[in-house]
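Please look through the sequence and the model below before reading on. The paragraphs after them move from charged pairs to enclosed segments, and then to cysteines and aromatic rings.

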Amino acid sequence: MPIGVLCAMTEEIALLRGEMEITERETVGGREFLTGRLYGRETVLARSGIGKAAAASTVTTLLDRFGAELVIFSGTAGGADPALHTGDLVVSDRSVQHDMDAIGEALFQVPGHEGSWFGADPRLTALAADAAQRFFERDMAQELSPGQLVRFGITRPQVAVGTVASGDQFISSREKIRWLGERIENLKCVEMEGAAAAQICVEFGVPHVILRVISDGANEDSPVDFDAFVTDAARYFTRGVVRELIRSL
């Protein structure tokens, strides 16, 4: 069975598409699913689109129609841990839907599920963290120019394992980040898809992991041009870490 690899945005997935040996293209629900080989492994690659519903729909199709044996969801995120900076990479050990607040349930708990979070596969988390470290130490300087790294203030990126929080909100508020950090254990970053994808993977019993490159501090003071960061830096990090992870499976 194939590996499922997803990104939310065209820019995030572009380099992976370019390196895939595509044997089949199929459009389902308005999304293109590419089947073939990526770094030597049978893979289905897809762009989900932005937001929790888009992510959940894409992962459901990936699992139910294409039979993926595991899911890697990669992309960018806003940093929620003050120790993290632009270019650092978060690997999920669990994820939470920070905009879920159902009457009669604990805060963030999805009705019908026990607890407020969805656990990533421990083996995938460990392999992904190692893969990211290898990319930073061995390949980053060869795949990104010094000018690209200097432009975004990237020197020695770190790998952080922790909680990814997802919601249908683009967060750019220091107060909101503080509020979430007080309520979510080991919160590392905020984004708009990962925990919804994680919910579907848990429901199907399929292992998953979320990889997120930090683009900014999810507050009012971010100096980074997000579009430029995704195009000129983050997509290279996404390709490099996904490549190393797939090769280690």
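What follows is a guided reading of side-chain pairings and burial in this structure.

The model is a predicted one, and its charged side chains offer a convenient way in. Side chains of opposite charge can pair when their charged atoms come close. In this model the count of salt bridges comes to 20. One of them joins the side chains of Asp99 and Lys52, with 2.8 Å from N to O. Because Asp99 sits in the loop between strand S6 (89–97) and strand S7 (118–119), while Lys52 belongs to helix H2 (residues 52–64), this pair ties together parts that are 47 residues apart in sequence. The two partners can also be placed by their accessibility: Asp99, at 28% relative accessibility, counts as partly exposed, whereas Lys52, at 12%, counts as buried.

Strand S6 itself supplies a partner to another salt bridge, in which the side chains of Arg94 and Glu185 meet at 3.3 Å, N to O. Since Arg94 lies in strand S6 and Glu185 in the loop between helix H5 (174–183) and strand S9 (187–191), the pair ties together parts that are 91 residues apart in sequence. Arg94 is buried, with a relative accessible area of 16%, but Glu185 is exposed, its relative accessible area being 58%. A further salt bridge is found between the side chains of Glu182 and Arg183, at 3.4 Å from N to O; of these two residues, Glu182 counts as exposed at 57% relative accessibility, and Arg183 counts as partly exposed at 39%.

Salt bridges also join into a network, whose linked residues are Glu19, Arg134, Arg138, Asp139, Glu143, Arg239, Arg243 and Glu244. Within that network, Arg239 deserves a separate look. Arg239 is part of helix H7 (residues 226–248) and is buried, with a relative accessible area of 12%. Leaving aside residues up to four places away in sequence, Arg239 touches Leu15, Leu16, Glu19, Tyr39 and Glu143; Glu19 and Glu143 are thus contacts of Arg239 as well as members of the salt-bridge network.

From the charged residues we can turn to segments that the fold encloses. Helix H6 (residues 194–204) has eight buried residues out of its 11, and it is therefore largely enclosed by the rest of the structure. The buried residues of H6 are Gly194, Ala195, Ala196, Ala197, Ala198, Gln199, Ile200 and Cys201. Just after H6, Gly205 adopts a positive phi of about 70°. Burial can be followed into a loop as well: Ser48, found between strand S4 (41–47) and H2, is buried with a relative accessible area of 2%. Apart from residues up to four places away in sequence, the contacts of Ser48 are Cys7, Ala8, Arg31, Ala54, Ala55, Thr58 and Phe73.

Cys7, one of the residues that Ser48 touches, leads on to the cysteines. Why does the sulfur of Cys7 form no bond with the closest cysteine sulfur? That closest sulfur belongs to Cys201 and is 14 Å away, which is too far for a bond. The same reasoning applies to Cys189, because the cysteine sulfur closest to its own, in Cys7, is 14 Å away and too far for a bond. Cys7 is buried, with a relative accessible area of 0%, and Cys189 likewise counts as buried at 0% relative accessibility. The structure as a whole holds zero disulfides.

Aromatic rings complete the tour, the structure holding six aromatic pairs. In one of them, the rings of Phe108 and Trp179 have their centres 6.2 Å apart and their planes at 85°, so the pair is edge-to-face. As Phe108 lies in the loop between S6 and S7 and Trp179 in helix H5, this pair ties together parts that are 71 residues apart in sequence. Phe108 is buried at a relative accessible area of 4%, while Trp179 counts as partly exposed at 31% relative accessibility. Phe152 and Phe229 also form an edge-to-face pair, with 5.3 Å from centre to centre and 80° between the planes. This pair links distant parts of the chain, Phe152 lying in the loop between helix H4 (146–151) and strand S8 (159–166) and Phe229 in helix H7, 77 residues apart. Both partners are buried, Phe152 with a relative accessible area of 8% and Phe229 with one of 0%. Finally, ring pairs link Phe135, Phe136 and Phe237 into a cluster.

Notes:
Residues numbered from 1 in each chain as written. Heavy atoms only, no water. Salt bridge = Lys/Arg side-chain N within 4 Å of Asp/Glu carboxyl O. Helix = DSSP H or I, 4+ residues; strand = E, 2+ residues; numbered from the N terminus. Buried < 20%, exposed > 50% of the residue type's maximum accessible area, 1.4 Å probe, protein only. Contact = heavy atoms within 4.5 Å. Disulfide = S-S within 2.5 Å. Phe/Tyr/Trp six-rings, centres within 6.5 Å; stacked < 30°, edge-to-face > 60°.
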